[in-house]
Amino acid sequence: FNGVNGYIKLSPPPVSNAYTGMIWINSLGSTRTYQDAFRWDCNSPIIVCWIDPGYSTLRAWAYDGSWKYVTLANPNDVKGRWVHVSSVVIDNQALYGYLNASLKGSVSIGTTSKPTSSSLYVGADDCPGNPGYFFYGYISQVLLYTRALSDSEIYNAYAYNIISSSN
């Protein structure tokens, strides 16, 4: 993903009251704009991985009428190496954010909007109707579950799918 125009658009997932998204990323640095590694469209309930250069943060997000997020890391701390990002969204409960299977935080949320017709984007988003916020780096093993995975399931996905430090 070149940070300019590379992305993949996937069909929407089944509707659920809980989601777990996972992705391995290797960020190559800042493009001086937001970067989406994995998300639904603009009105989506979840962004698994978002780099915000304005606040120097790697975050997981959820939308329940307002944006809620968990800060996972400073992008400079993970630049140039593979990291595993997971987020779990449970309606009327919480968003949980993980980095390398370590829970980095949670935030209470209400009912999220359901992705009944929303496409999934890997390496970009579609705000406002055109792909943008392109990810600059490498992406591997994108997974989406229509349930909340447990801490041990997230750890197993991380531990048994370790990606080497080489590209």
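In the predicted model, the residue of β11 that serves as bridge partner to W24 is S140. This bridge can be placed in the wider pairing of β2 with β11, which is antiparallel and extends over seven bridges. The two strands belong to an open sheet of five strands, arranged in the order β9-β8-β7-β2-β11 with antiparallel pairing. At the edges of this sheet are β9, spanning residues 102-108, and β11, spanning residues 137-145, each of which pairs on one side only. From one strand to the next, the twist has an average of 15°. Helix α2, made up of residues 151-159, lies across β2, β7 and β8, and its direction makes an angle of about 155° with β7.

Attention then turns to the nonpolar cores. In soluble globular proteins, nonpolar side chains tend to be buried together. The largest nonpolar core in the model contains 24 residues, and those with the most contacts inside this core are I23, I25, C49, L58, V85 and L99. At least two residues of the core come from each of the strands β2 (18-27), β3 (35-40), β4 (46-52), β5 (57-63), β6 (67-73), β7 (83-90), β8 (94-99) and β10 (120-122). A second core, separate from this one, has 12 residues, among them V88, I90, Y98 and Y158. Within the largest core, C49 is one of the residues with the most contacts; when residues up to four places away in sequence are left aside, C49 touches I23, I25, Q35, D36, A37, F38, L58, R59 and V85. R59 also takes part in an arrangement with an aromatic ring, since its charged end sits over the ring of Y69, at 3.8 Å from the ring centre.

Aromatic rings also pair with one another, and the model has seven aromatic pairs. In the pair formed by Y7 and F134, the ring centres are 6.1 Å apart and the planes meet at 40°, so this pair is classed as tilted. Because Y7 lies in the segment before β1 (8-10), whereas F134 lies in the loop between β10 and β11, the pair ties together parts that are 127 residues apart in sequence. The two partners fall into separate classes of accessibility: Y7 has a relative accessibility of 34% and therefore counts as partly exposed, while F134, with a relative accessible area of 13%, is buried. Ring pairs also bring in Y121, so that Y7, Y121 and F134 are linked into a cluster.

Key:
Residues numbered from 1 in each chain as written. Predicted model: local features only at pLDDT ≥ 70, side-chain atom pairs only at ≥ 80, totals over all residues. Heavy atoms only, no water. Core = buried A, V, L, I, M, F, W, Y, C linked by side-chain atoms within 4.5 Å. Buried < 20%, exposed > 50% of the residue type's maximum accessible area, 1.4 Å probe, protein only. Helix = DSSP H or I, 4+ residues; strand = E, 2+ residues; numbered from the N terminus. Contact = heavy atoms within 4.5 Å. Pairing = 2+ DSSP bridges. Axes fitted to C-alpha atoms, helices over the stretch in contact; angles between N-to-C directions. Phe/Tyr/Trp six-rings, centres within 6.5 Å; stacked < 30°, edge-to-face > 60°. Lys NZ or Arg CZ within 6 Å of the ring centre and 35° of its normal.
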